[in-house]
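I opened a notebook on this model to look up its strands, its charged contacts and its exposure. The entries follow in the order in which I looked things up.

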Amino acid sequence: MRATVGDQLVVHGRNVGLPDHTAEIVEVRGEDGEPPYLVRFPDGRTNLVFPGPDSEVKHG
């Protein structure tokens, strides 16, 4: 998984009926675009994320 600042990280719901979560990548802390990523969610909170297999990066 590789990302750049401004890309979207989408974490898919793990169970039927759970919504996906989308966040903007505001900082890439790994080498060559690899995780971890500092992300900002639509409600303004930020988190350091190590995405799992249920995640994908949508390039801007």
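Entry: a threonine to begin with. I looked up T22 and found it in strand 2; strands here are DSSP runs of E of at least two residues, helices are runs of H or I of at least four, and both are numbered from the N terminus. T22 has a relative accessible area of 33%, so I list T22 as partly exposed. The classes are buried under 20% relative accessible area, exposed over 50% and partly exposed in between, with a 1.4 Å probe and protein chains only. I also checked T22 against T4: they are 18 residues apart in sequence, and their C-alpha atoms are 15 Å apart in space.

Entry: ground rules. The model is predicted, so I note that local features need pLDDT of at least 70 and side-chain atom pairs count only at pLDDT 80 or more, while totals for chains, interfaces and linings use all residues. Residues are numbered from 1 along each chain as its sequence is written, and side-chain values use heavy atoms, with hydrogens and water left out.

Entry: overall layout. I counted 0 helices and 5 strands in the protein. From the N terminus on, the elements read β-β-β-β-β. The C-alpha trace spans about 35 × 25 × 20 Å along its principal axes. I compared the radius of gyration with the globule rule: a compact globule with 60 residues would have a value near 10 Å, and the 11 Å of the protein agrees. That radius is taken over C-alpha atoms, and the rule is 2.2 Å times the number of residues to the power 0.38. Of the 60 residues in the protein, 28% are buried.

Entry: the sheet. In what order do the 5 strands form the open sheet? I read the order as 4-3-2-1-5, with antiparallel pairing. Strand 4 (46–49) and strand 5 (55–58) are the edge strands, each pairing on one side only. From one strand to the next the twist averages 35°; axes are lines fitted to C-alpha atoms, for helices over the stretch in contact, and angles run from 0 to 180 degrees between N-to-C directions. Two strands count as paired if DSSP finds at least two bridges between them.

Entry: the pairings, strand by strand. Strand 1 (residues 8–11) pairs with strand 5 in the antiparallel sense over 4 bridges. In that pairing I located V10 opposite E56, and Q8 has K58 as its bridge partner in strand 5. Strand 2 and strand 3 run antiparallel and are joined by 4 bridges; V28 has Y37 in strand 3 as its bridge partner. Strand 3 and strand 4 are also antiparallel, over 4 bridges, with V39 opposite N47 in strand 4. These two strands form a hairpin with 5 residues between them, and G44 in the turn has a positive phi of about 100°.

Entry: faces of an edge strand. In a regular strand the side chains alternate between the two faces of the sheet. For strand 5 I noted S55 and V57 on a covered face, and E56 and K58 on an uncovered one.

Entry: salt bridges. A search of the whole structure gave 5, each being a side-chain nitrogen of Lys or Arg within 4 Å of a carboxyl oxygen of Asp or Glu. I looked at three, beginning with D54 and R14, whose side chains meet at 3.1 Å, N to O. This pair links distant parts of the chain, 40 residues apart: D54 is in the loop between strand 4 and strand 5, and R14 is in the loop between strand 1 and strand 2 (21–28). R14 counts as exposed because its relative accessibility is 70%.

The next pair was E24 and R40, at 3.8 Å, N to O. E24 lies in strand 2 and R40 in strand 3 (residues 37–40), so this salt bridge ties together parts that are 16 residues apart in sequence. Both ends are partly exposed: E24 has a relative accessible area of 31%, and R40 is at 37%.

The last one I opened was D43 with R45, the closest N and O atoms being 3.0 Å apart. D43 is exposed at 57% relative accessibility, whereas R45 is partly exposed at 44%.

Entry: rings. What lies over the face of F41? I found R45 there, at 4.3 Å from the ring centre; the test is NZ of Lys or CZ of Arg within 6 Å of the ring centre and within 35 degrees of the ring normal. R45 therefore appears twice in these notes, over F41 and in the salt bridge with D43, where its relative accessible area of 44% makes it partly exposed.
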